[in-house]
Amino acid sequence: MSSDPWGRVDEQGNVYVRTADGERQVGSWQAGSPEEALAYFERKFQGLEAETALLEHRVRKTDLAAKEAQTALEHLRAQVAEAHAVGDLAALAARLDTLAGEIETRQTERRAARAKAQEETRAAKEALVAEAEQLAESNQWREAGDRLRALVDNWKALPRLDRKSDDELWHRFSHARSVFSKHRKAHFAALDSERESARAVKEKLVAEAEALSGSTEWGPTAAAYRDLMTQWKAAGRAQRDAEEELWARFRGAQDVFFQARSGAFSERDAEQGENQKAKEALLVEAEAILPVTDLKAAKAALRSVSERWEAIGHVPRDARPKLDGRLAAVERAVREAEEAEWQRSNPEARARATGMTALLQAAVDKLQADLDKARAAGNASKAAKLEAELAGRQALLDQAQKSLQEFTS
């Protein structure tokens, strides 16, 4: 008979393991010595120990799923409970009990972690839905569209919730994207319609601009182009390609007209510069008339200057006031000389001056005679009165004689 602390082999070759409940036969051995029998059944125990150690390592050191760990544990427990092995089966069972507690704790922790992760996922998806619903009403088409695409990527990166909750949130998220897409599509459809209308208006404006490009009516045509430009700006923008092509034509027509006008104005400016020099030479000749000493010769000279002045044509606008002012000064001087001559030679005015002088002379003579009589009669008061009246009439007579003298000088 052979034994160790955890088992023995009896004389008949039966092998027993010692447990807290007593001995239990685990097998028999007929092929060799009792020591070999015990060694064989101890090796079977060592195998169970190795499996237990491996399961402990997997539970404690790896991400072994709780369900898989529980299945492995139950299987190993059954093996230990019915083990045909010799060793400290109670200690091995205790290790498995401890491991069972750890698995349960880990399972509880994982359920809590999953629940927390689900709540975090729900909160994250609800935030995505809320932002998407807010963006659905935006008219910042590019920015909002880019952000919605980013939100889709964010959604895909999140774990799934339970099917009902996930489907409900996705429905709201998808609906918000659809609303935005519908609004954007309607906006760009309206924009396309506006741009098509703008294209039609601008094609008409281009045709008008091209029709005007050959005009030589510089002022009215320039005003017409300004009006066309105002209409162009008010028409809005066409599609980019059409806008660029129409603008090139419109601008080209303007350039043809304004370049032609510029060339004409350059020629005109050169011609008007020569005209200015010619008029300045005439002004020297006209100003030589002054002062007027011979009215007839002055008028003839001024008439000659005026005829040549009119024949010369336009001068630059900024020079015109000064040139015209100098000629007008000569004309005014000649006109004033002519008026003075007329006053001296006017027979009607001379006759009136002669008559007035005669009347005043007669009145003075009469007053002088009356004054002499009053003095001779010694009537001092009457004499004083007549003296005052005579002084007034004499002053008028002196003035009349002076005026009459101007007609005879």
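**Close-up views of a predicted model**

**View 1. The surroundings of Thr221 in helix H6.** Once its neighbours within four places in sequence are left aside, Thr221 touches Leu212, Ser215 and Phe257 in this predicted model. Thr221 belongs to helix H6, which covers residues 218-234, and because its relative accessibility is 4%, under the 20% limit, Thr221 counts as buried.

**View 2. Helix H1, residues 34-61, seen along its length.** With 28 residues at 1.5 Å a residue, helix H1 should span 40 Å, and its end C-alpha atoms are indeed 40 Å apart, so the expected span and the model agree. The buried residues of H1 include Ala37, Leu38, Phe41, Phe45 and Leu48, and further along the helix Thr52, Leu55, Glu56 and Val59 are buried as well.

**View 3. The annotated stretch 59-86.** An unreviewed UniProt entry carries the annotation "coiled-coil region" for residues 59-86 and also for residues 357-403. In the model, the chain over residues 59-86 is 68% helix and 0% strand, while the end C-alpha atoms of this stretch lie 26 Å apart.

**View 4. Ala186 in helix H5.** Ala186 sits in the helix formed by residues 163-212, and its relative accessibility of 46% falls between the limits of 20% and 50%, which means that Ala186 counts as partly exposed. Between the C-alpha atoms of Ala186 and Gly214, which are 28 residues apart along the chain, the separation is 44 Å.

**View 5. The cis peptide bond from Leu290 to Pro291.** Most peptide bonds are trans, but the bond joining Leu290 to Pro291 is cis, with omega near -5°. Pro291 is found in the loop that links helix H7 (240-287) and helix H8 (295-312).

Definitions and conventions. Residues numbered from 1 in each chain as written. Predicted model: local features only at pLDDT ≥ 70, side-chain atom pairs only at ≥ 80, totals over all residues. Heavy atoms only, no water. Helix = DSSP H or I, 4+ residues; strand = E, 2+ residues; numbered from the N terminus. Expected span 1.5 Å × (residues − 1). Buried < 20%, exposed > 50% of the residue type's maximum accessible area, 1.4 Å probe, protein only. Contact = heavy atoms within 4.5 Å. UniProt positions renumbered as here; feature names shortened; annotations may be inferred.
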